[in-house]
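Please look at the model that follows with its sequence beside it. The paragraphs after it start from one pair of residues and work outwards to the whole fold.

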Amino acid sequence: MTLDTDRAGFLVTFSANDLEARDGLCAIAGQLRQQGISEERTGDVEIALAEAINNVVEHAYAGVEAGQIHVTCHLRADRLEIRIHDRGRPMPGGDLPSGEPVEPEDLPEGGFGWFLIRQLASEIKYERRGDKNLLWLRFDLPEKPET
């Protein structure tokens with residue numbers, strides 16, 4: 001796993017496997033806390049990213065040699081913008097899953113992730129560019145109280 005930072009944000013790159021994904025997610029959460037994002041909002045971002053990254057590991061790279069996952073984070077005054085890109089398989093049908101809520105008894109294993117991502121992120125976009133999957137997530141940030 002690598003972590004690169006600059007004034008505009010940071011980039012975390014890791015191999016698409018469970019252990020590296022967990023380490024990458026911990027590094028991202030740590031950076032968000034260092035940037036002053038609240039514990040609650042960092043937790044929301046961490047849950048959404050865990051679901052998205054897990055999908056890349058389990059589905060985009062399923063049955064093929066695992067590659068790299070790159071997560072770029074840019075903190076703005078009122079929002080956090082995150083881009084995840086990989087070279088795995090594209091989303092089925094080329095679109096994001098609907099993430100519609102289902103009854104617990106009808107829930108397939110792993111079928112709740114996109115619902116969670118859609119509930120926690122303010123905006124989501126997906127695009128396939130050549131051999132890359134690009135997933136954009138935006139998280140609105142509450143204004144910091146004046147002291």
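Lysine 125 stands opposite tryptophan 136 in strand E6, where strands, like helices, are DSSP runs numbered from the N terminus (H or I with at least four residues for a helix, E with at least two for a strand). This is a predicted model, in which local features need pLDDT of at least 70 and side-chain atom pairs count only at pLDDT 80 or more, whereas totals for chains, interfaces and linings use all residues. Residues are numbered from 1 along each chain as its sequence is written, and side-chain values use heavy atoms, with hydrogens and water left out.

Strands E5 and E6, to which this pair leads, run antiparallel and are joined by seven bridges; two strands are said to pair if DSSP finds at least two bridges between them. E5 and E6 form a hairpin with two residues between them, and in the turn glycine 130 has a positive phi of about 60 degrees. On its other side, E6 (residues 132-140) is antiparallel to strand E4 (residues 79-86), to which eight bridges join it. Tryptophan 136 is also the bridge partner in E6 of arginine 83, while isoleucine 82 has leucine 137 as its bridge partner in E6.

These pairings belong to an open sheet of six strands, which has the order E1-E2-E3-E4-E6-E5 and antiparallel pairing. Its edge strands are E1 (2-6) and E5 (123-129), each of which pairs on one side only, and the twist averages 15 degrees from one strand to the next. Angles here run from 0 to 180 degrees between N-to-C directions, and axes are lines fitted to C-alpha atoms, for helices over the stretch in contact. Helix H1 (residues 18-34) packs on the sheet and touches E1, E2 (9-15), E3 (68-75) and E4, its direction making about 170 degrees with that of E2; contact means heavy atoms within 4.5 Å. Helix H2 also packs on the sheet, where it touches E2, E3, E4 and E6, and its direction makes about 10 degrees with that of E4.

H2 (residues 39-60) has a further partner in helix H3 (residues 113-120), against which it packs at an angle of about 145 degrees with the axes 9 Å apart. This crossing of H2 and H3 is left-handed, a term that applies if the near helix is turned anticlockwise from the far one by less than a right angle. H2 contributes Arg41, Asp44, Ile47, Ala48, Glu51, Ala52 and Asn55 to the contact, and H3 contributes Gly113, Trp114, Leu116, Ile117 and Leu120. In H3, the buried residues are Gly113, Trp114, Phe115, Ile117 and Leu120, where buried means under 20% relative accessible area (1.4 Å probe, protein chains only). What covers the buried residues of H3 includes H2, E5 and E6.

Which residue of E5 can serve as an example of a position in this region? Isoleucine 124 lies in E5 and counts as buried because its relative accessibility is 17%. Leaving aside neighbours within four places in sequence, isoleucine 124 is in contact with Leu96, Trp114, Ile117, Arg118, Leu135, Trp136 and Leu137. Its C-alpha atom is separated by 9.9 Å from that of arginine 83, which is 41 residues away along the chain.

Asparagine 133, which is found in E6, counts as buried because its relative accessibility is 5%. Its side chain makes a polar contact of 2.8 Å with the side chain of aspartate 86 and another, of 2.5 Å, with the side chain of tyrosine 126; such a contact is a pair of N or O atoms within 3.5 Å, of which, within protein, one must be able to donate a hydrogen and the other to accept it, and residues adjacent in sequence count only if both atoms are side-chain atoms. Not counting residues up to four places away in sequence, asparagine 133 touches residues including Ala60, Ile84, His85, Gly88, Arg89, Pro90 and Met91.

Taken as a whole, the protein has three helices and six strands, and from the N terminus on its elements run β-β-α-α-β-β-α-β-β. Of its 147 residues, 38% count as buried, and residues 24 or more positions apart account for 58% of the contacts with a separation of 6 or more.

Technical notes: Buried means under 20% relative accessible area, exposed over 50%, partly exposed in between (1.4 Å probe, protein chains only).
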